[in-house]
Structures are given as structure tokens and as C-alpha cells.
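Visitor: I should like to understand the terms used for this structure before I rely on them. Could you take me through the reasoning behind each one?

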Amino acid sequence: MNSSTSSSIHIDLDPAELPSHIAIIMDGNGRWAKKRLLSRIKGHEKGSEAVRTIVRACREIRIPNLTLYAFSTENWQRPQSEIVALMTLLKKFLESEQKEMVDNNIRLNAIGQTERLPKNVQQALHKAMTVTRKNDGMLLNLALSYGGRAEIVKMVKEIAIKVKDGNIEPDSITPELISEHLYTSGIPDPDLLIRTSGEMRISNFLLWQIAYTEIYVTNTLWPDFGKDEFVRILIDYQHRKRRFGKVE
Ligand code: IPE
Ligand code: IPE
Ligand code: MG
């Protein structure tokens, strides 16, 4: 996507004050479908179109890092038929978006217990990550089989082993060291967290990383979420005063 595609709705956005990392809890696919007397799976299908729209918008606006919560560790407890449909959609998405990611200089990454994904999804994921690995225009980070608590457990285990083996002293455990042992190592903490469909909760997403993240909850259901609302949220974000505990 070239810069000439930037349209007038960006006019109110200050390019110097854009978030460097946006995280999104894409919620409400099931309710979107229910309202239309459709199956939940139809809601997920429509939701994957919204993913495409928002990835494009982020690239165009020049957001460097986007993390999308696509499937949580708790989502494995959903009916098997829904899980299968979600995994099929995910595989389709990874295959169909590969060319666009390559063309638009987007690097794909996944965070979470990806070893729990079906083998064919793991393969599609590996392929998409490999072909986009040198891209540096934007990082698209998919949270797949992701849970914040599981991530913290993984980090504690890794650090405990280093201490046990005598490679580090307990005193050298710092917030920076902890961040380095999370899936998001090397990625700045999110500046903005958006949740669609009105739920006022975090649902086990990026627990450590969102310590000072600005939160925006919209009632819009994920399949209805589009670029205009996304830009309005960015404008709202740019009007906020982030204090980080200090005084102005
Ligand atoms: C979000 O939509 C997608 C996933 C969690 C995979 P939901 O499926 O949670 O939709 P609601 O919350 O039931 O409406
Ligand atoms: C959070 O949504 C997980 C994802 C969007 C992938 P859920 O629908 O699973 O969360 P709860 O159950 O409402 O907390
Ligand atoms: Mg939900």
C-alpha cells in the first residue's frame, strides 16, 4: 500500500503521536451471528474480513506493531465444531493473506502455545512466517492459543532454570529481564488496547505488557468494526494524557 492511499479521514491524526503498538481483543463474532440468526461460524467468517480491513488500515496509517487476539488458551474449551471452524478459517487466512503481506512488507509472527494448533495450521503459520521474515514495514502479531498466565508461567520457568544453573543471580531479575522472556520479547508494550463488543475485561490477554496501556472498549461487534471507527479511536487516543504515574 503506498502513501497516496492515505485518505482524508487521517487528516486529524498526528503522525508523530501514533501508537507504536496496538493490541486488539477481537470479540463479538458469536453475538453478531446470533443477531442475524446465523451460526457462530458465520460470525467468525465475517470477523476474518474485519481482520483484513484492520491490518490494511494499520499498514496504511503506519502503525509499526499490531497484535490481534485470535484464539485464547481458554477458547480450547469451546465446542469441537467451533474450534475446527476457527482453525480452518485461520489456515485459510494465513494462505490467502500471504501474498498481500509480502507485497506490503508485513512480517507475520505468532505468540502463544502454537504447538497446540493442528499440524496443518502450524505448517501454514510456519510458511507465512518464513516468507515474510525479512519484512520490516509492520509486524502483525497473531495471538494464537495465547494466554497471559501461561506466558507468565513459561517466563518464570525459563528464569528459574537460569538461576538454578547458576547463569544468573536472583538479583539480576528485573522487569526488563522478565519482558525478554515473554513471547513479545523485542516488541514495545502496547500503547493502545482496543476491545470490541463492550466487555469490560482483559480475558487473559497480555497481562504483563498492558501495565500502562491505554484501553478503549467499543460496543461495536468485531465483524462490524471498520476503518472509520478505528481512526476515530486513534484520534481519541491522541487526545489522552499519559502520565505513567508522574505529574505533568
Ligand atoms: C471472538 O468472538 C472470537 C474468538 C474468541 C475466537 P466470540 O466468538 O467470542 O463472540 P461472542 O463473544 O460469543 O459474541
Ligand atoms: C477473548 O474473547 C479471546 C479472543 C478474542 C480471542 P472471549 O470471548 O474468549 O472472552 P470472554 O470469554 O468473553 O472473557
Ligand atoms: Mg467472546
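Guide: A residue counts as exposed when its relative accessible area is over 50%, and as buried when that area is under 20%. Please note that this is a predicted model.

Visitor: Which exposed residues does helix α4 carry on the face turned away from its buried side?

Guide: They are Lys119, Gln123 and His126; each is called exposed because its relative accessible area is over 50%. On the buried side are Val121, Ala124, Leu125 and Ala128.

Visitor: How do you know that the buried residues of α4 line one face of the helix?

Guide: Viewed down the axis of α4, they fall within an arc of 100°, so they occupy one face. These residues pack against α3 (80–103), β3 (106–111) and β4 (138–146).

Visitor: Why is the pair of Tyr146 and Phe205 called edge-to-face?

Guide: Two rings pair if their centres lie within 6.5 Å, and planes over 60 degrees apart count as edge-to-face. The centres of Tyr146 and Phe205 are 5.9 Å apart and their planes stand at 90°, so both conditions are met. The pair links distant parts of the chain, as Tyr146 belongs to strand β4 and Phe205 to the loop between β5 (192–195) and β6 (214–217), 59 residues apart. Both Tyr146 and Phe205 are buried.

Visitor: Which residues do ring pairs link into a cluster?

Guide: The cluster consists of Tyr69, Tyr146, Tyr183 and Phe205. One of these, Tyr183, has Lys154 lying over its face, at 5.1 Å from the ring centre; the distance cut-off for such a placement is 6 Å.

Notes
Residues are numbered from 1 along each chain as its sequence is written. Chains are lettered from A and ligands numbered from 1 in the order in which they are written. This is a predicted model: local features need pLDDT of at least 70, side-chain atom pairs count only at pLDDT 80 or more; totals for chains, interfaces and linings use all residues. Side-chain values use heavy atoms; hydrogens and water are left out. Buried means under 20% relative accessible area, exposed over 50%, partly exposed in between (1.4 Å probe, protein chains only). Helices (H or I, at least four residues) and strands (E, at least two) are DSSP runs, numbered from the N terminus. The arc is that of the directions from the helix axis to the C-beta atoms. Contact means heavy atoms within 4.5 Å. Rings of Phe, Tyr and Trp (its six-membered ring) pair if their centres lie within 6.5 Å; planes under 30 degrees apart count as stacked, over 60 as edge-to-face and the rest as tilted. A charge sits over a ring if NZ of Lys or CZ of Arg is within 6 Å of the ring centre and within 35 degrees of the ring normal.
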